[in-house]
Structures are given as structure tokens and as C-alpha cells.
Amino acid sequence: MTIAIRFAGISKQYGTFQALNDVSFNVAEGDFFALLGPNGAGKTTLISILGGLTHASCGEVTVMGHDVQRDYRQARRAVGIVPQELVFDPFFTVRETLQFQSGYFGLRSNDDWIDEILANLGLSEKADTNMRALSGGMKRRVMVAQALVHRPPVIVLDEPTAGVDVALRQTLWAFIRRLNTDGHTIVLTTHYLEEAEELCNRIAMLKQGRLIALEEKHQLMNRGRSRSLLLKLSSDTLPESLQGKLIGRTDDGYLELKLPDCSALEQILATLGNAGISVRDIQISKPDLEDIFLEMMQTPAPSLS
Amino acid sequence: MTGFYTLFYKEILRFWKVSFQTVAAPVLTSLLYLLVFAHVLDAHVEPYPGVRYTAFLIPGLAMMTLLQNAFANTSSSLIQSKITGNIVYILLPPLSHLEFFSAYVLAAMLRGLMVGTGVFIAALYFAIPSFAYPLWILAFALIGSATMAMLGIIAGIWAEKFDQLAAFQNFLIMPLTFLSGVFYSVHSLPAFWQQVSHANPVFYIIDGFRYGFFGVSDASPWLSLGVTGSCAVVLAAGTLRLLASGYKLRH
Ligand SMILES: Nc1ncnc2c1ncn2[C@@H]1O[C@H](COP(=O)(O)OP(=O)(O)OP(=O)(O)O)[C@@H](O)[C@H]1O
Ligand SMILES: [Mg+2]
């Protein structure tokens, strides 16, 4: 396994405020990696340190083996970052913006690749439009395009889908997935956890500047709260023996019961049958990443470092 | 090289796309000065023997405009990029601080020289100054524009808001350029103000520049070259250090 990004003991102090506290982890080459955490957790700060926009108070970051401070030229060539804030240069058109960005990375004739990016992000028709005249979502697409002009092996997207419509989200993710299949390493932050759940293979969680989880997605998904069973019944009252399993009631009249494993299901249904209660509807809910995320953020977990 | 060249070209395009405001407007303003001062003073003042006031004024005005525009180019470009946030797109690529420095400085020098030349050409309508030593003219035009371009980088990096930049411009750049002998020969000033003028580096830029035209000046052109050249070297070193440290650009 080759390491694409290595964060080693990163801390960041803003005055007396500790934005990052001894964060260490690796992202492997080819990973589709989610960096999750509530507002203010330190995700953007970590990404800024990776891109050389911010200096860490202590610790080291390497991208594809290049230190972001000492070998900043190689490190910056290896990474493409989509910043979280919507920023653009109002003086130029979309194509000019991308041509300049290519030039800054030392690429002279990059138009074929620029056209391909534009087509994949649904921007072909806007290529010669001034940046000022684009809608917010389109500006964000240009920001994604800007991060890709130099075909970086590592692509970092800081909330790329904020303010982007459903259709583009689909095309954006299809494009990013293709890049990932082609061998690019992807790091993503998002507050839409279903996106992370669907796309990523590894997940890190930050909370108040500390790393509190770092796992393969399937491992993480198996943690936390077990499944639960949602039932709509002919009667409102449960048999006595099932009372203890009741977790709650939904507004639309379902009863929610604990379901530690699937064998419990048969037993519950049998008990109901014996009591003469018929089942009108049944659903089994699995905890999704959002449930696990909320649970992890609530419990004061020790820091992993 | 491509990185430097692209940034240089972008900085040129940035002012050229709005050249009405960045090139034509300053030329017009200088012509208005020329019109008013020349009309009022031409008959009364002869700054150097045999040199008409209008002819005397032209190089000074051209240089003053050149200086102000070189400063405006770097400083406004940087503060705009910082405030809109698009400076990240210059900070994320593998541009060295030397590339950053040369691209911004050279583009600002180009704007300064264009505007200065514009003023000069338009002013020929009023009077034709002589061209005693063209190499001195060129030397001081280059040093002057580079100096102000670097000051503009420093101001653009330091300022966090437009009004801070305006303060830098109004309380430092404007007094330095206005009190540098653009409108008069410092020989005509009382002794005290002559002393004060000689402490102003911009005085030497204007004075040396004018020497190139008329072959006479208040100070020796070599002294002016020494003073302005050393100022430029010190500023270059300081600006490069500032950029290398990432001061106010990379937290
Ligand atoms: N330049 C700065 N000066 C002072 N504090 C800062 C600065 N930048 C960030 N912070 C603080 O550092 C903390 C982490 O911020 P960061 O932007 O990294 O959070 P985030 O995880 O990206 O949050 P979000 O999900 O809202 O984007 C916040 O408390 C923020 O206020
Ligand atoms: Mg953020």
C-alpha cells in the first residue's frame, strides 16, 4: 500500500485557540476517503495545511512523499484542492480561468484536457462566459475544474456539493468516481453523509480538532446502534413480553423495537401471532452513517492518536 | 518559466481589460494638471535657464503618473485577490516567491511605463522637451516603476481592507510624489524645505529623470542613481523576504 497523504502530529493554534490537536493519519493511494466532522471541527484547516495555505504549528504533512513545506513544488503539483469558500476572479471567462490555472502549474497547451473537464462538468456551453455571469452552482463547478487542470494524483474536495443541484451532483460524482477508478486518490469533506456513505471506502472523523475515528467504511457501519424493527400493528398495546424491546413510536403510528439480530425477528412475530395481533406493515431500519456520526459526536470518545 | 509567464500575462490582462480606467483615465488627469499649471505659470516661471515651465513640467508629470500607476497595479491586484479570496488560486500552484514577485512587479512596471509614455506623448502637444540623455531617462523610468511596484506589493499584502490601502496611498505615496519637485525646482524652495526634499527618495527619481531630458538637475544624476538604486535593492530584498515568509498570505 502506497501512502498518498501522511499527516503526522499536526497541531494548529490560532492565538490561544487550538484548531487541530495532534492529528495523525494516512490516506492510501487509490482511497476514496471521507473527512467528516461538525462545523468548526478543523477539516478545512487540515486541508489548508495540506495545500500550503496555512502553516501547521507543529507536525508534518507529505503528499505522494513530498513534504508540503520543504518540497512545496512537487507537493503542490501532486494535489488539486477545491476550496470550501466560493471564490472566483471576476475579470476572466471560464476558459481563461482554466488556462491560467494550467499555466500556473507549468502546463502550456492543456486545451484538450480543459475541454474534457468542461464537458464532464456540464460547463461546455459556458466556456466563454465571464465568471461573474455564472450562477453559484456553476461557479462551484469551475472551482472543481480548476482543481483538476493539472491532473493531480490526489484530489481534495472541501464540500464540493454545497449549493449544487441534484443533476450535477450525480454527474460530478460519476466523474470523480471515474477519476478514482483511474487511480486518483480522493479526499472529500461533506455534511451530506449519504454521499460519503455511498462513495467512500475509508472514513475519518474529526471533533474539536481531534481525530476520533478512522476506519474502513464497512467496519464503521457495523459499529454503533443495532438495527431496529418498525411495526404497524392492529393493536396499540404490545404483549407484556415485548414491552421491554420498545424504543419508541413514530408520528405515523409505527412502533419501534430493538432488533439485536435477525433471529429475534421470528421470535417477535411469533409472540405477536400468539397474542392475536396482526402485522399491517413491517420495516427494518439499519443505522446509516448519519446515525453513527451523531452517536460518535455525542459520546466523549478518547482521541485516536 | 510557464508559471511566471502565465502570472505575468494574467496581471497584464487584468489591467488591460479595464484600460479605460487604468490607462486612459490617469493620462487624462495629468493632462488636466498640465493644462492648468502651464497656462497659469508658463509666462512667469523659468525653472532652469532657457527651459520653459511647461517643458519642465512634462517629465515630472509623466513620472508622477508612472509611479502612481505602478503602485496602484500591484496593490489593487493583491488586495482585490485577498478580499475576494481568489488569491488561493495563486497560492495553491507551485509558484515560487521569485516568480510571484517578478510577475507582479513586471506587470506593474509595464502599466506604469505605458501610462507615463501616454502622458508624455499627449503632452507633446503643449511643448517639446529636449532629450539630452535617453539612457538616464530609461534608467530612472525603470527604477521608479520597479520601486513603486514593490511598495505596492508590500502595501497590498499588509492591508486587510480597502481603506487601509487608501491610507497607505494618501498618507505615504501621495505626499512623497507631490513633494518631490514635480511642479517646481527644489532650488526655488527655502533652505529648510530643500533639506526635506533631499530626504525624499522620490525626489531623486524625478530629478534624475528630468536630467535625462534637460541635462540639468538639482542633484547629480549619479547621486540620484545611487540613492534610488539602493532603495530599490533594499525594497526588493524586503519584498522577497515577505513573500517567502508567507506573511499575511499563508496563515
Ligand atoms: N484564520 C483563523 N483564525 C482564527 N481561527 C480560525 C481561523 N480559521 C479557522 N479558525 C477556527 O478553527 C476552527 C476550525 O475551523 P475549520 O474551518 O477548519 O472547520 P471545518 O471543520 O472546516 O468546519 P465547517 O464544516 O464549518 O467547514 C474553527 O473554530 C474556526 O473558527
Ligand atoms: Mg470547512
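This is a guided tour of a predicted model, moving from the ligand sites in chain A to some individual residues and then to chain B.

Begin by selecting ligand 1 together with the residues around it. The shell holds 14 residues, and those that come nearest are Asn39(A), Gly40(A), Lys43(A), Thr44(A) and Thr45(A). Colouring the shell by residue class will show 5 nonpolar, 7 polar and 2 charged residues.

Next, display the oxygen atoms of ligand 1 and look for their polar partners on the protein. On the side-chain side, a polar atom of Asn39(A) lies 2.8 Å from an oxygen atom of the ligand, and a polar side-chain atom of Thr44(A) is found 2.6 Å from an oxygen atom of ligand 1. Gly42(A) takes part through its backbone, where a polar atom is 2.9 Å from an oxygen atom of the ligand. With a surface switched on, it is worth knowing that ligand 1 taken alone exposes 640 Å², of which the protein buries 66%. Two elements of chain A, β2 (17-28) and α1 (43-50), give two or more residues each to this shell, and the greatest contribution, 3 residues, comes from α1(A).

Keep Thr44(A) selected and add ligand 2, the magnesium ion. Which residues coordinate the magnesium ion? Thr44(A) does so through OG1 and Gln84(A) through OE1, at 1.9 to 2.1 Å. Thr44(A) belongs to helix α1 of chain A, whereas Gln84(A) sits in the loop between β6 (79-82) and α3 (94-104) of that chain, so the pair ties together parts that are 40 residues apart in sequence. As for their exposure, Thr44(A) is partly exposed, with a relative accessible area of 31%, and Gln84(A), at 27% relative accessibility, also counts as partly exposed.

From Gln84(A), move to Ala162(A): the C-alpha atoms of these two residues are separated by 8.7 Å, although the residues are 78 apart along the chain. Ala162(A) is in the loop between β7 and α6 of chain A, and with a relative accessibility of 30% it counts as partly exposed.

In that loop, which runs between β7 (154-158) and α6 (166-181), select Glu159(A) as well. Is Glu159(A) buried or exposed? Its relative accessible area is 13%, under the 20% limit, and therefore Glu159(A) is buried. The backbone deserves a check here, because most residues other than glycine have a negative phi. Glu159(A) is not a glycine, yet its phi is positive, near 50 degrees.

A further positive phi is found at Gln208(A), about 45 degrees in a residue that is again not a glycine. Gln208(A) lies in the loop between β9 and β10 (210-216) of chain A, and at 65% relative accessibility it counts as exposed.

Now select Lys207(A), which lies in strand β9 (residues 202-207) of chain A. At 18% relative accessibility Lys207(A) counts as buried, in contrast to the exposed Gln208(A). Adding Met296(A) to the selection shows a pair 89 residues apart along the chain, with C-alpha atoms separated by 9.3 Å.

Finally, turn to chain B and select residues 17-246, where an unreviewed UniProt entry places the feature "domain: ABC transmembrane type-2". Over this range the chain is 76% helix and 0% strand, and a distance drawn between the end C-alpha atoms will read 29 Å.

How values were computed. Residues numbered from 1 in each chain as written. Chains lettered and ligands numbered in written order. Predicted model: local features only at pLDDT ≥ 70, side-chain atom pairs only at ≥ 80, totals over all residues. Heavy atoms only, no water. Near = heavy atom within 4 Å. Polar contact = N/O pair within 3.5 Å; in protein donor to acceptor, adjacent residues only side chain to side chain. Areas by Shrake-Rupley, 256 points an atom, 1.4 Å probe, with all protein chains shown as cover. Helix = DSSP H or I, 4+ residues; strand = E, 2+ residues; numbered from the N terminus. Nonpolar A, V, L, I, M, F, W, Y, C, P; charged D, E, K, R; others polar. Donors = N, O, S within 2.8 Å, 3.2 Å for Na, K, Ca; no water. Buried < 20%, exposed > 50% of the residue type's maximum accessible area, 1.4 Å probe, protein only. UniProt positions renumbered as here; feature names shortened; annotations may be inferred.
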